[in-house]
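Colleague: Please take a close look at one part of this model, the disulfides, and go on from there to the empty space inside. I am new to this, so plain steps would help.

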Amino acid sequence: MTRAASTQIREFAADERGTIAIIFSLCSFAMVMITGLAIDVGRTYQANNKISSAIDASALAAAKGLRINNLSNGDVTALAQKYFDLNMKGAGGNIAKINSFAVDIDRVKGSVCVNVAADVPMLFARVAGIETMSLPKSAVAIFDSKDIEVGLQLDVTGSMGGRKISDLKRATKNLLDVLIPDEPTGQKVRVGFAPFSAGVNVGPYLKAVDGNRASANNCTYERLTATNEKTDAAPIGPDAFKISADLPGAQACPNASIVPMTDNKRMLKTTVDGYNATGSTAGQLGASWAWYLVSPNWSAIWPSASKPAAYNDGRTIKTVLLMTDGVYNTIGGINKGDGSTEAVTASKLSVDICNGMKAKGVIVYTVGFDLNSAGAYKDRVINTLSSCASETAKFFRAENGDELETAFKQIAEDIVRLRISK
């Protein structure tokens, strides 16, 4: 080798020019691959969520059709496919390729299992030899036909007069339309009314709850003794209720009277349409009587068609909805004033009553309607209602009639969803 050639080889080996460009090119390629793989992972994640949601909806709809409508296996499968296709529309639904869709039906258990095999084509991972990502998914649903019992406390006090009582009637009738559909569903849904003001009008059930004494106006107030004022004990002996004769100066009850649970929607609508607003606010009584409507301890009081199921029987959902527009300020049929110690006691007593029914498995919803009438004591009403509710999401604020209607509708829809187990 000549001296010149040797020198050129040594110089070439020692030359570092251009290394940065090579390193940058390699790093850029790696960064592009990492970004591309992240995109593929994101697309796979989005498709996975979309398919999971779609097969859940598909299985649930099919199981409901199987249990309620007694559909044939072919119709159940078609219904499952329909709901799956509908829920796959939109963002993420066109990413995956659906290779197979199968439905397994167990008519004995009333269950439907939906199985889907899908692939997500890779965009960048193909460089590494990964063509697709498989997404086998399955969902099982059982439509559990639970019965529903609802005790509805309705505020018909004087502050509910005019527009507000009309709003309440409209919202209540819409709630009934959701809870008790015109077409039979296979579940027993019963709703009872517990309207209140300074007392509770118990109508024809007076003698059964006041110790068989005589009263001209069917009006009841607190119990004869305070032993069970926070419970749902049957009205026997000292646990019976006071009447007007026991409380000189007590305000009379409203015309609206107790309605034990029934599935007669037409009768319930006609009844609430006849309500008038009068008197002050003994909300603790309204809460108690809404509880009594769904309490099995009161089975001997209510007609046979209205007898509540046992607590926690696994087949029945018990709910109570408490609605008011003002401060609980009345004890013994006498308005003690919003700022009185008696008003504070009434609020605390209401929360104790709510805690008692929640401990028995009753789900409690609460609605505060146009609470501006509570003035300086609005926060107390809010605290009372939010403490009574089974959870934060079950306490609703409604500032006007439209919002009251929306709140009642949302509550009714939530109650209907509760009877579905997956």
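Modeller: A residue counts as buried when its relative accessible area is under 20%, and as exposed when that area is over 50%, with partly exposed in between. The model is predicted. A search of the whole structure finds two disulfides.

One of them joins Cys219 to Cys253, with an S to S distance of 1.7 Å. The angle about the S-S bond is 80°, and this link of Cys219 and Cys253 is right-handed. Cys219 sits in strand E8, while Cys253 sits in the loop between strand E9 (241-243) and strand E10 (259-262), so the bond ties together parts that are 34 residues apart in sequence. Are these two cysteines buried or exposed? Cys219 has a relative accessible area of 0%, so Cys219 is buried. Cys253 has a value of 14%, and because the cut-off is under 20%, Cys253 is buried as well.

The other disulfide is formed by Cys354 and Cys388, whose sulfur atoms are 2.1 Å apart. The link of Cys354 and Cys388 is right-handed too, with 85° about the S-S bond. Here the bond connects two helices: Cys354 belongs to helix H8 and Cys388 to helix H9, so parts 34 residues apart in sequence are tied together. Cys354 and Cys388 are both buried. With the bonded cysteines counted along the chain, the pattern is 1-2, 3-4. A further cysteine, Cys113, has a relative accessibility of 17%, so Cys113 also counts as buried.

Next comes the empty space. Rolling a probe the size of a water molecule over the atoms shows where such space is left. The structure holds two cavities of 30 Å³ or more, and the largest has a volume of about 70 Å³. The lining of the largest cavity is made of Glu222, Arg223, Glu229, Phe241, Gln284, Leu285, Ser288, Tyr292, Leu349 and Ile353. Three elements give two or more residues to this lining: strand E8 (219-223), helix H7 (283-294) and helix H8 (341-359). Two of these elements have already come up, since strand E8 holds Cys219 and helix H8 holds Cys354. The largest share of the lining, four residues, comes from H7. By class, the lining of the largest cavity has five nonpolar, two polar and three charged residues.

The second largest cavity has a volume of about 30 Å³. Its lining residues are Gly326, Tyr328, Ser347, Arg380, Val381 and Thr384. Helix H9 (residues 378-388) supplies the largest share of that lining, three residues, and helix H9 also carries Cys388. The lining of the second largest cavity divides into two nonpolar, three polar and one charged residues.

These details belong to a chain with 10 helices and 15 strands. Of its 422 residues, 47% are buried, and the buried cysteines Cys354 and Cys388 are examples. Among contacts with a separation of 6 or more, 73% are between residues 24 or more positions apart. On the outside, the chain exposes about 19500 Å², and carbon and sulfur atoms supply 55% of that area.

Definitions and conventions: Residues numbered from 1 in each chain as written. Predicted model: local features only at pLDDT ≥ 70, side-chain atom pairs only at ≥ 80, totals over all residues. Heavy atoms only, no water. 1 Å grid on protein atoms, 1.4 Å probe; cavity = no way out; pocket = protein on both sides within 12 Å on 5 of 7 lines; lining within 4 Å. Points joined across faces, edges and corners; volume = space filled by probe spheres on them. Nonpolar A, V, L, I, M, F, W, Y, C, P; charged D, E, K, R; others polar. Buried < 20%, exposed > 50% of the residue type's maximum accessible area, 1.4 Å probe, protein only. Contact = heavy atoms within 4.5 Å. Areas by Shrake-Rupley, 256 points an atom, 1.4 Å probe, with all protein chains shown as cover. Disulfide = S-S within 2.5 Å.
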